[in-house]
Amino acid sequence: MRGTIAMTSRVDESPEPRFPELIHVEIAPTLGEVVDPRFVQSVVGQVLNQEGPFDAVELTVHITDDKEIQSLNRTFRGVDHATDVLSFAFQDLESQQDDF
């Protein structure tokens, strides 16, 4: 695996995220023992609280290994190698249907 996942164990006990049910954390099976999805959700929630306010938020964080991110890069960007981060803009279903 390229790189190292480094997280501190301290989580600020500040207010809970305003939209915890809309922060989705997915961890690849190969990293399930290494990454705690509750910790990731807590950190993301704290960032959103600090950067907000937002009327609504929906966010998915998918933590994966090099093999999967290389496949995603190949499929969506035409780049056949792993990168550290890959992001996609959110579009609702109605706007996607209008594109067809």
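## Starting with helix α1

Let's begin with α1, a helix of 15 residues. From its first C-alpha to its last it reaches 21 Å, close to the 21 Å expected at 1.5 Å a residue. Keep in mind that this is a predicted model.

At the start of α1 there's a contact worth finding on screen: a side-chain oxygen of Asp36 comes to within 3.0 Å of the backbone nitrogen of Arg38.

## Which side of α1 is tucked away?

Which residues of α1 are buried? They are Phe39, Val40, Val44, Gly45 and Leu48. An α-helix has 3.6 residues a turn, so residues three or four places apart point the same way. Try spotting that spacing as you look at the buried set.

And what do these buried residues pack against? Their partners are the two strands β1 (23-27) and β2 (59-63).

## The nonpolar core

Now for the largest nonpolar core, which has eight residues: Ile23, Leu31, Val35, Val40, Val44, Leu48, Val57 and Ile63. Helix α1 (residues 37-51) gives the largest share of this core, three residues. In soluble globular proteins, nonpolar side chains tend to be buried together.

Take Leu48 as a member to explore. If you skip its neighbours within four places in sequence, Leu48 is in contact with Ile23, Phe54 and Val57. Ile23 and Val57 belong to the core as well.

## Helix α2 and what comes after

How does the span of α2 fit what its twelve residues should give? At 1.5 Å a residue they should span 16 Å, and the end C-alpha atoms are 15 Å apart, so the two agree. Right after α2 comes Gly78, and its phi is positive, near 70 degrees.

Further on is Ala82, placed in the loop between α2 (66-77) and α3 (93-98). Is Ala82 buried or exposed? Its relative accessible area is 11%, and buried means under 20%, so Ala82 counts as buried. Its C-alpha is 8.8 Å from that of Asp65, although the two residues are 17 apart along the chain.

## Stepping back to the whole chain

Zoom out and you'll find three helices and two strands. Going from the N terminus, the elements run β-α-β-α-α.

Of the chain's 100 residues, 19% count as buried. The chain exposes about 7,900 Å², and carbon and sulfur atoms supply 52% of that area. As for contacts between residues at least 6 apart in sequence, 59% of them join residues at least 24 apart.

Methods: Residues numbered from 1 in each chain as written. Predicted model: local features only at pLDDT ≥ 70, side-chain atom pairs only at ≥ 80, totals over all residues. Heavy atoms only, no water. Core = buried A, V, L, I, M, F, W, Y, C linked by side-chain atoms within 4.5 Å. Buried < 20%, exposed > 50% of the residue type's maximum accessible area, 1.4 Å probe, protein only. Helix = DSSP H or I, 4+ residues; strand = E, 2+ residues; numbered from the N terminus. Contact = heavy atoms within 4.5 Å. Expected span 1.5 Å × (residues − 1). Polar contact = N/O pair within 3.5 Å; in protein donor to acceptor, adjacent residues only side chain to side chain. Areas by Shrake-Rupley, 256 points an atom, 1.4 Å probe, with all protein chains shown as cover.
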